[in-house]
Amino acid sequence: MSTRPIIQGKYPAKRHVQRVVSFLAEKSPPANGFIFLSGCPDRFYQDCDLEIPFRQHRAFMYLSGVNIPNSHLLYDIDNSRLTLFVPPVDPEKIVWSGMPLLPEEAIATYDVDVVLPTTALGATLETMRSRRSVSKPSVFTIPGHVGEGIVFPKDTHVDAIALKEAVDECRVVKDEYEIGLLKKAIDISCTAHRAVMKAVRTAASEAEIHGIFLGECTKQGAKIQAYPSIVASGRAAATMHPEGNNQSLYTAGERKQLLLIDAGAEVDCYGADVTRTLPLSGKFTPEARAIYDIVLEMQKECIASLEAGVVWDDLHLLAHKVAIRGLLRLDILKGDPDEILAARTSAAFMPHGLGHFLGMDTHDAGGRPKEADPDPLYKNLRVRRELPAGCVVTVEPGIHFDEHTICEYLRAPQHAQYINEAVLNQFWDVGGVCIEDDLLVTETGCINLTGLPKDPELVEQIVTRGSDHE
């Protein structure tokens with residue numbers, strides 16, 4: 001499968017709907033009747049007329065490719081007909097918002113069979129029963145994804161359970177069009193990350209770095225971000241999701257050791273997720289380089305083992321084994337590596353999961369997480385399943401020196417026996433190191449979609465010289 005951004009023709013909505021119908025038929029045959037979903041409506045901030053930035057319901061987007069507020073879709077399963085309902089022209093709004101998409105424009109833009117105004121929705125729904133040979137046709141929908149005031153005919157059976165699982169599962173394996181959108185978002189993000197690398201040595205604050213990243217994405221046409229960027233320097237990088245992005249890159253007048261930037265652009269609802277950790281002075285300190293090397297080793301070994309059929313839990317466990325091996329080498333940990341793993345002491349340094357599915361959501365659907373898992377090694381893991389070919393995952397190992405978390409472990413005898421506190425105290429200012437790439441899983445391995453340097457010597461060169469050319 002090609003990893004060039006192949007985004008030709010229309011978003012393959014009908015192919016996605018047909019995949020979902022096949023899943024429904026396998027789970028609870030026969031799957032006949034209709035699929036109905038409403039898109040996200042316009043929303044406004046409380047007590048004012050300012051619109052909340054629009055974010056389409058992901059299931060609606062997957063089955064329609066339509067990123068327009070106040071729309072609806074109806075798929076006739078028996079006749080394989082997809083109907084899109086779009087808001088009619090409102091002359092009062094044209095002066096403020098311009099002309100909306102007309103039906104003839106929508107039919108040319110989207111992979112649908114019929115486009116009608118939303119004013120025709122009620123009458124269309126009323127014809128459901130008359131068009132079916134079965135006595136009580138099914139309507140598959142998702143709770144919270146049916147517009148206000150919409151009522152299905154009484155002689156239909158509404159299934160509000162099966163569709164969400166079907167859509168979530170079908171979203172796991174990406175087609176070539178979706179991979180093209182992801183690759184475009186990743187390429188834009190990598191260009192923005194390179195701009196950060198070249199500017200970080202002379203930047204004064206996290207906010208300045210954040211602005212550089214957002215500006216570069218905007219220049220490339222990606223004004224929307226896949227998630228709130230994380231730009232964390234020094235000890236702030238010990239926290240998993242600090243989103244202030246407002247600290248100075250200096251402490252007590254001296255340059256902090258590292259900057260961690262976790263940021264990704266979004267293209268047509270598909271987002272990138274890329275993290276790099278950079279030396280603020282242009283050169284890694286010995287402590288920072290030692291931790292960076294461990295994290296890079298963790299990522300390389302996990303990527304080398306990544307292929308269709310692998311169980312994500314096993315890769316996550318591998319990351320912890322490599323982390324333990326490295327931390328023992330530095331004398332931060334002490335004792336038998338198997339005992340340290342069994343005690344789960346390494347979770348003090350990597351409390352997060354190895355990664356997650358990537359697609360329309362940064363933490364994409366279908367991972368089957370088990371939040372109630374009491375095992376601290378796995379409870380934050382967002383994927384708990386065998387990986388199929390065609391899924392896209394992030395591989396983002398990290399080692400973080402969060403004082404609050406690690407001190408809790410130091411107070412617990414079952415963990416304290418494995419931690420060398422005297423050596424640990426030399427690493428607090430490293431903060432945290434994470435390296436994250438986005439990978440397409442194949443039958444025989446994986447393809448790294450993230451074309452961004454992470455070799456420490458090359459990273460130092462780019463930061464120091466402001467260039468990635470020899």
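Where is the place of Ser80? In this predicted model, Ser80 sits in the loop between β2 (72–76) and β3 (81–86). Its backbone stands out: Ser80 has a positive phi of about 50°, although it is not a glycine. The relative accessibility of Ser80 is 34%, so the residue counts as partly exposed. That value falls between the cut-offs of 20% for buried and 50% for exposed.

Asp47 also has a positive phi, near 65°, and is a residue other than glycine. Asp47 belongs to the loop between β1 (34–38) and α2 (58–64). Its relative accessibility is 77%, and Asp47 therefore counts as exposed.

A further loop position is Ala222, between α8 (206–219) and β7. Is Ala222 buried or exposed? With a relative accessibility of 1%, Ala222 counts as buried. Contacts of Ala222 beyond its neighbours within four places in sequence involve Ile188, Cys217, Ala265 and Glu266. For Glu266, the separation along the chain is 44 residues. The C-alpha atoms of Ala222 and Glu266 are nevertheless separated by 6.2 Å.

Two helices were examined for span and burial. Helix α1 covers residues 13–27. Its 15 residues should span 21 Å at 1.5 Å a residue. The end C-alpha atoms of α1 are 21 Å apart, so the span agrees with that expectation. Buried positions in α1 are Ala13, Lys14, His16, Val17, Val20, Val21, Phe23 and Leu24.

Helix α9 (residues 286–304) has 19 residues. From its first C-alpha to its last, α9 reaches 27 Å, close to the 27 Å expected at 1.5 Å a residue. The buried residues of α9 include Ala288, Ala290, Ile291, Tyr292, Ile294 and Val295. Leu296, Met298, Gln299, Cys302 and Ile303 of α9 are buried too.

How does α1 pack with helix α6? Helix α6 spans residues 162–172. The axes of α1 and α6 lie 9 Å apart, at an angle of about 125°. This angle makes α1 oblique to α6, because angles from 65 to 115 degrees count as roughly perpendicular and those over 145 as roughly antiparallel. The crossing of α1 past α6 is right-handed. On the α1 side, the contact residues are Arg19, Val20, Phe23, Leu24 and Lys27. They meet Ala162, Leu163, Glu165, Ala166, Val167, Glu169 and Cys170 of α6. Val20, Phe23 and Leu24 in this contact set are also among the buried residues of α1.

The strands were considered next. Strands of a sheet pair through backbone hydrogen bonds, either parallel or antiparallel. One open sheet has three strands in the order β7-β10-β13, with antiparallel pairing. At its edges stand β7 (230–233) and β13 (274–279). Each edge strand has a single partner, so one side of each is left without a neighbour in the sheet. On average, neighbouring strands of this sheet are turned by 10° against each other, direction ignored.

Within this sheet, strand β10 (residues 258–263) pairs with β13 over six bridges, in the antiparallel sense. Which residue in β13 stands opposite Leu260? The residue is Thr277. Ile261 stands opposite Arg276 of β13.

How much of β13 is buried? Six of its six residues are, which leaves the strand mostly covered. Both of its faces are covered. Val274, Arg276 and Leu278 are buried on one side. Thr275, Thr277 and Pro279 are buried on the other. Thus β13 is an edge strand with one side free of a sheet neighbour, yet its residues are buried on both faces.

Another open sheet also comprises three strands, in the order β14-β17-β18, and its pairing is antiparallel. The edge strands are β14 (392–395) and β18 (446–448), each of which pairs on one side only. Neighbouring strands of this sheet are turned by 35° against each other on average, direction ignored. Strand β17 covers residues 437–441. β14 and β17 pair in the antiparallel sense over four bridges. The bridge partner of Val395 in β17 is Asp437.

Technical notes: Residues are numbered from 1 along each chain as its sequence is written. This is a predicted model: local features need pLDDT of at least 70, side-chain atom pairs count only at pLDDT 80 or more; totals for chains, interfaces and linings use all residues. Side-chain values use heavy atoms; hydrogens and water are left out. The expected span of a helix is 1.5 Å times one less than its number of residues. Buried means under 20% relative accessible area, exposed over 50%, partly exposed in between (1.4 Å probe, protein chains only). Two strands pair if DSSP finds at least two bridges between them. Axes are lines fitted to C-alpha atoms, for helices over the stretch in contact, and angles run from 0 to 180 degrees between N-to-C directions. Angles under 35 degrees count as roughly parallel, over 145 as roughly antiparallel, 65 to 115 as roughly perpendicular and the rest as oblique. A crossing is left-handed if the near helix is turned anticlockwise from the far one by less than a right angle, and right-handed if clockwise. Contact means heavy atoms within 4.5 Å.
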